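Open the structure in your viewer and keep the selection tool at hand. The stops below say what to select and what is there.

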Amino acid sequence: MKKYQIIFSPTGGTEKVANAITQKWAQVDTIDLSIPDIDLADISFESDSLVLIAMPSFGGLAPQLALDRLSMLSGNGALCVIAAVYGNRAYEDTLVQMEDYAQDAGFRVIAAVSAVAKHSIIHQYAAGRPDSDDCKVLAEFGEQILEKVSAGDFSTPSVPGNRPYKKAGAGMIPKAGSACTSCGQCALKCPAGAISTDNLKVSDKTKCISCMRCVSICPVHARKVSGIMTSIAAAAIKKACSTEKANELFI
């Protein structure tokens with residue numbers, strides 16, 4: 001049985017979760033949906049393979065860009081685990097949304113995971129997560145999934161969430177300040193192609209998905225979102241983030 005992980009991890013938290021879940025899966029091939037202009041149309045999976053699909057939750061939903069790229073793959077009945085990674089507030093409809101898109105792409109969902117990672121914008125929430133304890137728990141989830149597959153149990157679990165999905169909210173758009181050196185890394189690695197090499201300091205509001213990759217990779221920390229808006233958002237979700245959430249397995 002071949003094993004894969006399909007990840008969309010602009011700031012690295014989702015990748016850490018995916019690597020922890022698949023830690024005991026032996027050799028795992030990775031497909032990175034965040035690569036700009038990635039060609040996915042010819043990627044097809046073996047029907048007896050096991051695939052982890054991991055995405056972040058932005059405001060309780062998976063990034064539409066990542067879902068659209070997932071839709072380009074051919075699952076061919078491969079067994080699938082979906083993982084929603086969120087910043088300790090709530091993942092809301094992310095799992096059911098991922099389940100629907102995975103099934104439409106031809107995957108058979110046999111397990112689901114919700115996992116906590118450092119909030120991509122408000123870094124004091126879930127700081128340091130996934131930590132060593134998280135990774136241990138997630139690795140145990142991965143082992144339980146392997147045991148389910150070995151037992152020939154390919155049933156689809158019930159996952160929390162609502163259909164129709166909640167309405168997507170507005171995101172925060174980063175821009176660069178005077179410290180920008182015009183190195184171009186933000187434009188090169190933006191998953192959405194929202195930054196033009198002709199104008200590196202701003203992001204195209206019609207394309208930006210507020211994934212914060214440009215902020216996280218800027219070598220001189222020149223790109224930021226509005227400090228005022230960040231403070232307002234931090235206050236708005238403070239109560240929801242005050243209790244440390246646990247990772248969950250639905251199997």
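The tour of this predicted model goes from the nonpolar cores to the cavities, a pocket and some backbone details.

**The largest core**

Begin by selecting Ile6, Phe45, Ile53, Met55 and Phe107. Within the largest nonpolar core, which has 33 residues, these are the ones with the most contacts. To see where the core comes from, add strand E1 (3–7), strand E3 (50–56), helix H2 (64–70), strand E4 (79–86), helix H3 (94–104) and strand E5 (108–116); each of these elements gives two or more residues to the core. In soluble globular proteins, nonpolar side chains tend to be buried together.

Now centre on Phe45. Leaving aside residues up to four places away in sequence, what does Phe45 touch? Its contacts are Tyr4, Ile6, Ile31, Val51, Leu73, Ser74, Gly75, Asn76, Ala78 and Phe107. Ile6 and Phe107, already selected as core residues with the most contacts, are thus among the residues that Phe45 touches.

Another core lies apart from the largest one. Select Ile7, Ala18, Ala111 and Leu138, which are among its 22 residues.

**Two cis peptide bonds**

Go to Arg129 and Pro130. The peptide bond from Arg129 to Pro130 is cis, with omega near 0°. Pro130 sits in the loop between E5 and helix H4 (132–150).

Next select Arg163 and Pro164, which are also joined by a cis peptide bond, with omega about 0°. Here the proline, Pro164, belongs to the loop between H4 and strand E6 (175–176). For background, most peptide bonds are trans.

**Two cavities**

How many cavities of 30 Å³ or more does a search of the whole structure find? There are two.

For the largest cavity, select Cys180, Cys183, Cys186, Cys218 and Pro219. Of the 14 residues in its lining, these lie nearest its centre. The volume is about 90 Å³, and the lining divides into nine nonpolar, four polar and one charged.

For the second largest cavity, with a volume of about 80 Å³, select Pro174, Cys190, Pro191, Ala194, Ile195, Ser203, Cys208, Ile209, Cys211, Met212, Arg213 and Cys214. By class, that lining has 10 nonpolar residues, one polar and one charged.

**A pocket**

Keep Met212 selected: besides lining the second largest cavity, Met212 lines the second largest pocket. The other residues to add for this pocket are Ser120, Ile121, His123, Val215, His221, Arg223, Lys224, Val225 and Thr230. The pocket has a volume of about 160 Å³. Its lining has four nonpolar, four polar and two charged residues.

**Two residues with positive phi**

Two members of the pocket lining, Met212 and His221, are worth a look along the backbone. Most residues other than glycine have a negative phi.

Met212, not a glycine, has a positive phi of about 70°. Find Met212 in the loop between helix H5 (185–189) and helix H6 (213–217). His221 is not a glycine either, and has a positive phi of about 55°. His221 is in the loop between H6 and strand E7 (223–224).

Is Met212 buried or exposed? Met212 is buried, because its relative accessible area is 4% and buried means under 20%. For His221 the relative accessible area is 56%, so His221 is exposed, the cut-off being over 50%.

Notes. Residues are numbered from 1 along each chain as its sequence is written. Side-chain values use heavy atoms; hydrogens and water are left out. A nonpolar core is a set of buried Ala, Val, Leu, Ile, Met, Phe, Trp, Tyr and Cys residues joined through side-chain atoms within 4.5 Å. Buried means under 20% relative accessible area, exposed over 50%, partly exposed in between (1.4 Å probe, protein chains only). Helices (H or I, at least four residues) and strands (E, at least two) are DSSP runs, numbered from the N terminus. Contact means heavy atoms within 4.5 Å. On a 1 Å grid over the protein atoms alone, a cavity is a set of points where a 1.4 Å probe fits but cannot get out, and a pocket is an open set with protein on both sides within 12 Å along at least five of seven lines; lining residues have an atom within 4 Å of a point. Grid points are joined across faces, edges and corners, and a volume is the space filled by probe spheres set on the points. Ala, Val, Leu, Ile, Met, Phe, Trp, Tyr, Cys and Pro count as nonpolar, Asp, Glu, Lys and Arg as charged, and the others, Gly among them, as polar.
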